[in-house]
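Please look over the sequence and the model shown here before reading the report that follows.

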Amino acid sequence: MRRFSAISLFREALGGHETWPRQWRSPEPKPAYDVVIVGGGGHGLATAFYLAERYGLTNVAVVEKGWIGGGNTGRNTTIIRSNYLFDESARLYEHALKLWEGLSQQLNYNVMYSPRGVLMLAHNIHDVQSFKRHVHANRLNGIDNEWLSPQECKEFCPPLNVGGAMRYPILGGALQRRGGTARHDAVAWGYARAADARGVDILENCEVLGIRRAASGRVEGIETSRGFIRAGKIGVVAAGNTSVVMNMAGVRLPLESFPLQALVSEPVKPAFPCVVMSNTIHAYISQSDKGEMVIGAGTDAYTSYSQRGALHIATHTLDAICELVPMFRRLRMLRNWGGIVDVTPDRSPIVAKTPVPGLYVNCGWGTGGFKATPGSGDVFAWTIAKDDPHPINAPFTIERFRDGVMIDEAAAAAVAH
Ligand SMILES: Cc1cc2nc3c(=O)[nH]c(=O)nc-3n(C[C@H](O)[C@H](O)[C@H](O)COP(=O)(O)OP(=O)(O)OC[C@H]3O[C@@H](n4cnc5c(N)ncnc54)[C@H](O)[C@@H]3O)c2cc1C
């Protein structure tokens with residue numbers, strides 16, 4: 001005898017379906033956002049802006065654990081240049097430099113880009129040969145860079161000590177006149193305001209704690225300190241913390257995180273006309289519009305997630321600055337701080353798709369990613385929108401470390417602000 005239960009009767013009424021008809025089943029959950037960007041620094045905000053501006057993707061959120069620009073974007077010494085040695089890097093940084101030139105107009109926000117010239121000093125024969133090689137390679141790539149004698153260095157930057165009494169005398173310098181500085185927090189605010197005006201949501205004080213993946217492996221969304229946020233695609237741009245965030249999705253990256261510090265002097269009247277960099281004695285200096293001397297120190301010797309560097313690194317840099325520019329001996333230092341930079345084995349960035357469908361990563365800018373902010377955001381937005389790398393960032397894959405196709409700016413530049 002056939003037994004009827006309420007359920008079987010109901011199924012019969014449905015026409016013998018074992019499960020609910022498709023149209024009655026609850027629909028697949030829709031992503032709350034088409035794209036979520038993890039990290040509200042300059043790169044993340046620029047990515048969101050270009051996603052909206054160039055690809056019409058406005059259902060986008062930028063999720064930031066602190067406040068926007070509170071990471072390396074607001075902590076760096078703002079040196080902008082594109083005179084990198086290898087073709088791949090030169091293309092990437094020159095793309096960024098061209099965007100810097102029109103950025104204030106594009107964002108309708110003054111980012112105070114100031115092409116006052118970046119002078120990279122040579123102190124020994126190796127430096128001279130290496131920088132001359134850079135000058136020639138840059139010119140072949142259509143990038144301005146010129147060689148100056150010690151006297152020409154002095155004319156371009158009068159406070160420099162070009163006397164022979166220095167421990168590491170100045171033997172010349174490579175000058176990129178289009179290089180310079182910009183105001184770091186204005187870059188974050190300018191991109192944030194322009195992205196917000198196009199519909200992007202910016203969620204501050206919202207830390208990403210996990211990345212949820214579906215059975216298919218594809219990303220589903222992020223677990224945050226404020227709850228779960230569903231996402232169609234996720235772009236991770238969390239400098240210094242990238243490996244922590246990517247581990248949440250089961251992706252391991254060849255990254256190490258180091259503290260890198262900078263300091264500023266008390267403000268003085270305009271005294272220093274350009275940006276001067278010295279890799280050999282490890283010192284970087286420029287004067288901000290407020291009058292402070294902005295000085296970059298080196299990375300700590302040990303890996304750490306602490307946003308402060310060792311004191312001896314800063315004092316070493318001050319020794320070097322005082323030898324380069326003796327009149328600065330009388331300046332008092334106002335404050336110093338640190339950021340966390342993540343570096344790859346070849347000191348070039350990763351801007352790429354990952355093995356996880358829907359997950360993209362932009363990291364490894366080390367000590368030199370501020371200058372790349374507009375270009376990085378632009379090509380990363382392309383990569384996310386099209387699920388395919390832009391020709392400019394195509395070489396900057398994760399797989400290059402497996403395949404040995406390095407872009408070895410580490411060997412080329414030693415230091416890369
Ligand atoms: C002292 C110093 C000097 C430098 N000098 C120069 C220079 O002169 N020129 C140059 O080109 N570059 C320089 N750099 C490097 C440059 O600052 C960085 O490469 C660049 O700013 C990186 O930008 P970003 O947007 O990727 O990172 P950030 O601005 O650090 O943004 C990443 C954001 O991710 C957030 N985040 C991290 N984890 C999470 C999480 N779990 N959930 C949510 N959010 C998270 C962070 O809070 C942070 O705001 C310097 C860096 C430092 C520290």
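## Ligand contacts and surroundings

A polar side-chain atom of T77 lies 2.7 Å from an oxygen atom of the ligand, a polar contact being a pair of N or O atoms within 3.5 Å (within protein, one must be able to donate a hydrogen and the other to accept it, and residues adjacent in sequence count only if both atoms are side-chain atoms). This is a predicted model, in which local features need pLDDT of at least 70, side-chain atom pairs count only at pLDDT 80 or more, and totals for chains, interfaces and linings use all residues. Residues are numbered from 1 along each chain as its sequence is written, and side-chain values use heavy atoms, with hydrogens and water left out.

| Residue | Atom of the residue | Distance to a ligand oxygen atom |
|---|---|---|
| T77 | polar side-chain atom | 2.7 Å |
| G368 | backbone N or O atom | 3.1 Å |
| F370 | backbone N or O atom | 3.0 Å |

Taken alone, the ligand exposes 1000 Å², and the protein buries 97% of that (areas by the Shrake-Rupley method with a 1.4 Å probe; for residues, only the protein chains shown count as cover). Among the 36 residues around the ligand, E64, N72, T73, T77 and K371 come nearest, where a residue is near if one of its heavy atoms lies within 4 Å. Because domain 1 (5-16 + 29-76 + 184-253 + 346-412) and domain 2 (118-177 + 256-343) both give residues to the shell around the ligand, the ligand lies between them; the domain bounds come from an automatic or database domain assignment.
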